[in-house]
Amino acid sequence: MFPTGSSTGSPSVSSSSPSASASSAPAVSSAGPAASGAPTQAELLEFARRAAADAELIASLPLDPEGRTWVRLEGPRGSEAWLIGWPPGTGTGWHDHADSVGAFVTAAGELRENSLAARLPTDGWKTLELTDGVDRERLLPAGQGRAFGRQHVHEVLNESPDRHAISVHAYYPPLPRIRRYSRSGQILRLEQVERPEDWQ
C-alpha cells in the first residue's frame, strides 16, 4: 500500500510528499552490517518491526482526523519506506504494488488486511471473475505485520470508529507502479494504473 488513495478524500502530507526525497523525514536506519543486493521480504518485515517499536518515531507522526498522513523513512538498502497514520474508518481500496515485494507492521491501533490468494495476470485484462475461496483476512493489532510478494492484491483498513492506527511499510524495489481495482462480489476490475510521476 502506498500513502495515496485515502477512502475519505485526499490524504494530508505531514513532512514530505510521496515522491519527495527522504532527507527531510525522520530516518530509521537498517541495523546490522551493510549488505549487497536487494533486501529480502524478511528483512523488510524486520525493518518495519523495528521502526514500529520506536515510540519516539511513532509519536512524531502528526495525525489528521480527516485523512491519512505519512512521513517517508530511510528503508534498508534502497527500499522505499513509509510511516502512515490512519484516521478511524479509512482504507486503501483494492490495489497491488506491481513488481515490488513489501512488508508492513501495525505500530498503534489495529488494521485489517483483506487479500486475494490468487496470482493475477500482469497485463492485458480489465475484468476478472474470482473463484471461490481466494479471499483471506487478517487482523493486525499493534506489533503484528506481514510480508508479501510481487503482485499481492489487498486492501488495508482501519475499521475503528474512534481510534487512529499507525503503521510502517517498506517496499523493494521502490514502487514502479500501483494498480488500483474495484470489486463487486467476485468481479475484480482494473480501474487505474498509477506511476511515481502521478504522485507528485
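**Exercise 1. Determine whether Tyr181 is buried or exposed, and describe its surroundings.**

Solution. Step 1: Tyr181 has a relative accessibility of 7% and therefore counts as buried; buried denotes under 20% relative accessible area, exposed over 50%, and partly exposed the range in between, with a 1.4 Å probe and protein chains only. The model is a predicted one, in which local features need pLDDT of at least 70 and side-chain atom pairs count only at pLDDT 80 or more, whereas totals for chains, interfaces and linings use all residues. Residues are numbered from 1 along each chain as its sequence is written, and side-chain values use heavy atoms, with hydrogens and water left out.

Step 2: Tyr181 belongs to strand E11 (residues 178-184). Strands (E, at least two residues) and helices (H or I, at least four) are DSSP runs numbered from the N terminus.

Step 3: The side chain of Tyr181 forms polar contacts with the side chains of Asp96, at 2.8 Å, and Arg179, at 3.2 Å. A polar contact is a pair of N or O atoms within 3.5 Å; within protein, one must be able to donate a hydrogen and the other to accept it, and residues adjacent in sequence count only if both atoms are side-chain atoms.

Step 4: Beyond its neighbours within four places in sequence, Tyr181 is in contact (heavy atoms within 4.5 Å) with residues including Trp94, His95, Asp96, Leu120 and Trp125. The C-alpha atoms of Tyr181 and His95 lie 5.7 Å apart, although 86 residues separate the two in sequence.

**Exercise 2. Identify which backbone oxygens the side chain of Asn158 reaches.**

Solution. Step 1: Asn158 is located in the loop between strand E9 (154-157) and E10. With 2% relative accessibility, Asn158 counts as buried.

Step 2: The side chain of Asn158 reaches the backbone oxygen of Pro87 at 3.2 Å. A polar atom of that side chain also lies 2.9 Å from the backbone oxygen of Arg163.

Step 3: Apart from neighbours within four places in sequence, the contacts of Asn158 include Trp86, Pro88, Glu110, Leu111 and His164.

**Exercise 3. Compare the span of helix H1 with its expected value, and locate its buried residues.**

Solution. Step 1: The expected span is 1.5 Å times one less than the number of residues. For the twelve residues of H1 (residues 41-52) this gives 16 Å, and the end C-alpha atoms are 16 Å apart, which agrees.

Step 2: Leu44, Leu45, Phe47, Ala48, Ala51 and Ala52 are the buried residues of H1. They cover an arc of only 160 degrees around the axis, so they lie on the same side of H1; the arc is taken from the directions from the helix axis to the C-beta atoms.

Step 3: An α-helix has 3.6 residues a turn, so residues three or four places apart point the same way.

Step 4: The buried residues of H1 pack against several elements, among them helix H2 (55-59), strand E1 (69-74) and strand E10 (165-172).

**Exercise 4. State how many helices and strands the protein has, and which residues have pLDDT under 50.**

Solution. Step 1: The protein comprises two helices and twelve strands. Of its 200 residues, 48% are buried.

Step 2: The average pLDDT, the predictor's confidence in each residue from 0 to 100, is 84, and 81% of the residues score at least 70.

Step 3: Over residues 4-35, pLDDT stays under 50. Where pLDDT is low, the predicted coordinates should not be read in detail.
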